[in-house]
2 protein chains.
Amino acid sequence: MFNFDFYNPTRIVFGKNRLNELVSFVPKDKNVLVLYGGGSVKKYGTLQKVTDVLSGYKVFEFGGIEPNPRFETLMKAVEIVKKENIGFLLAVGGGSVMDGTKFIALASKYQGNKPDEILYQGYKSAGISEALPFGTVVTLPATGSEMNSGGVISYGNGKYVVFSPLTFPQFSFLDPSLTFTLPPAQVANGVVDTYVHVLEQYLTYPVEARFQDRTAEGILQTLIEIGRKTIDNPADYDLRANLVWNATMALNGLIGSGVPSDWTTHMIGHELTAFFGVDHAVSLAIITPSLLNIRKDKKREKLIQYAERVWKIDEKDDDKKIELAINKTREFFESLGIKTRLSDYGIKEPDFDKVIKGLETKGMTKLSEHKDVTLEISRKILENAL
Amino acid sequence: MFNFDFYNPTRIVFGKNRLNELVSFVPKDKNVLVLYGGGSVKKYGTLQKVTDVLSGYKVFEFGGIEPNPRFETLMKAVEIVKKENIGFLLAVGGGSVMDGTKFIALASKYQGNKPDEILYQGYKSAGISEALPFGTVVTLPATGSEMNSGGVISYGNGKYVVFSPLTFPQFSFLDPSLTFTLPPAQVANGVVDTYVHVLEQYLTYPVEARFQDRTAEGILQTLIEIGRKTIDNPADYDLRANLVWNATMALNGLIGSGVPSDWTTHMIGHELTAFFGVDHAVSLAIITPSLLNIRKDKKREKLIQYAERVWKIDEKDDDKKIELAINKTREFFESLGIKTRLSDYGIKEPDFDKVIKGLETKGMTKLSEHKDVTLEISRKILENAL
């Protein structure tokens, strides 16, 4: 096991009908900015519930944070923060709203006049030493943003990862019943996003980290069991509660502590989303099986473990075992209604140059747990995904 | 899944040779009291290493915190805190030192003149609203005290559980190599203690909490794999690292969130320790198999799941499956060198009255996840353990 630090101070408030407890955690003496995305939190009443609970507070609202939240949009919220003397942010939504809120929390404390340097250079180099405090009310289980300190922000044709110990949510309300109204495709995306978060931290090479391995395998097994079912039975509380909690646990630092991690799939996937507009989770479903095909020698031992423990593949030949596990992974994504080939989305070989150039521009020339995925290998992964 | 809150702000610093990083976390402007137990942290140099790292600090020492730390001992440390204007506590040791330090952190802020009311009534009723901050350097993997806010304090013939959100360690240093010098019996105790912590939160009744179940099962499987090996190979870093991290994860709130828990074994076990001086873990190894025998109808579904997933018992008849799983649990404890019968420790039927009276005095007349373990049933469990 590698040396590691683990620190996660986010308070989780999990369960049905608990939004009235927001008053225990949102500070009463601060102006509060409630942030949200498209219309669904309005349409299904979650926003109204939140503002009702906060009726004694001075509340401002900022809507329209888009999927893959954009720098320009978020900077408009920063203007409101400054103008209205906002002291607390409350994100109501999914990963994009939460990620965007983290950026706003940092950018609100930025003193310079080139705020995009927060994306390029990170909060520290941008001179930021504190962030606005914030909490979240989660309406979409997928990204794990509710219990970590990272976010992904879009700017130009790029997606930028913003990480900071200053941007853990103070609290996150996870009420599975708030997610019942999600369209099936978004739930499917949430299942795949969670699954691939686990794979990025698990399918690398063995380092004798048994807790991390088994916990990762447990999340994967659960997603396989409940993934299709919770899409088909959106109002089944227990199924959805398991998706919500596993999604949070998949990316809160727990299974990634003391082990190597890959993240190649995410980095290539970000480029696919930036250039061709495919959903984040869809990009992961496309890249994952191909990456495993191309990288199966480097991931051999863990792929065998994955085949045996997660898929219970009873097969003597290790190569076959690995092949079956990769196939089953693809079939699982497809069973959720997500196509896993670039050609399914009209992306063709001539488009690859853009993706490779995008990776190059961001310095992503040595990806993976071994830092050996060159642009050439990334191209092979794309070719395999056609 | 039940509704739940999860909050755990303890920072974990895990790995080899990291004690020099203590200076990043121990406040430089406070008088520091370093607390420890018997002589082993002196004998094996851990205390020296810690005080060397803190050479620029104003450090005081308090040794002699005994196993099952006693109220009277801890109150002597409170005197030092007050006399020397201590602002930070650093526990160097195992569960007893950490538990004791939590009590000292609370009692140092107690304003009244009957400090034993903290034990009887809890910190809140005793008027305590803050605690001294503290960190830990862990030398014995077992209790999980390094990443939770509870402790068990002995007073008179009783053991009292002290819980408070004020007493999470600010940080815990977990260096597996600091535990290499532990005697085999203490390592065995640590394995059993961890195992039974998991069982108390897992072997109850199903509530569709798949993450919690699978994570619990993962810890149990790992303990079965590594328990005997890490006793036999004390300086094998990876084996010990897995014991240390699983011990922490077994009782930091993670696997207990959103599920029922039992704790009957601990409550009866505490009485055995108080009256007959058996080690805490030994008391758990004695009571667990008997409790499972007596309560197997109430725990039927989870016992079957335990048999299948943890012990991989391939057996059609459910009753046999359960019996085999209970036997295997007992055999596992015995394989670590821990006898599992009361008679092995000279405890006989006439002694039971004391235990039952002890439970009664503390109001422990309705134990377990169903609150239906009466004194009569507790006696049956003892009888089964003879």
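Here are a few notes to help you find your way around this predicted model.

1. Start with the sheet. Seven strands make it up, and it is open, with mixed pairing. Reading across, the order is β4(A)-β3(A)-β5(A)-β6(A)-β9(A)-β2(A)-β1(B). Note the last name in that list: β1(B) comes from chain B, while the other strands come from chain A.

2. Now look at the two ends. On one edge sits β4 of chain A (59-62), and on the other β1 of chain B (4-6); each of these pairs on one side only. Going from one strand to the next, the twist averages 20°.

3. For a closer look inside the sheet, try β5 of chain A (residues 86-93) and β6 of chain A (residues 134-138). They run parallel and are joined by five bridges. One residue to pick out is Val92(A), whose bridge partner in β6(A) is Val137(A).

4. A helix goes with this part of the sheet. Helix α4 of chain A (residues 95-107) packs on the sheet and touches β3 (31-35), β5 and β6 of chain A. The direction of α4 makes about 165° with that of β5(A).

5. Next, how are the two chains related? Chain B lands on chain A after a rotation of 180° with 0.0 Å of shift along the axis, at an RMSD of 0.0 Å. The two copies are therefore related as by a two-fold rotation axis.

6. Which residue of chain B comes closest to that rotation axis? It's Pro9(B), with its C-alpha at 2.1 Å.

7. Last, the interface. The copies meet through the same surface, because 100% of the interface residues of chain B are also interface residues in chain A.

Technical notes: Residues are numbered from 1 along each chain as its sequence is written. Chains are lettered from A and ligands numbered from 1 in the order in which they are written. This is a predicted model: local features need pLDDT of at least 70, side-chain atom pairs count only at pLDDT 80 or more; totals for chains, interfaces and linings use all residues. Two strands pair if DSSP finds at least two bridges between them. Helices (H or I, at least four residues) and strands (E, at least two) are DSSP runs, numbered from the N terminus. Axes are lines fitted to C-alpha atoms, for helices over the stretch in contact, and angles run from 0 to 180 degrees between N-to-C directions. Two residues are in contact if their C-beta atoms, placed from the backbone, lie within 7 Å. Copies are superposed by least squares on the C-alpha atoms of residues with pLDDT of at least 70 in both.
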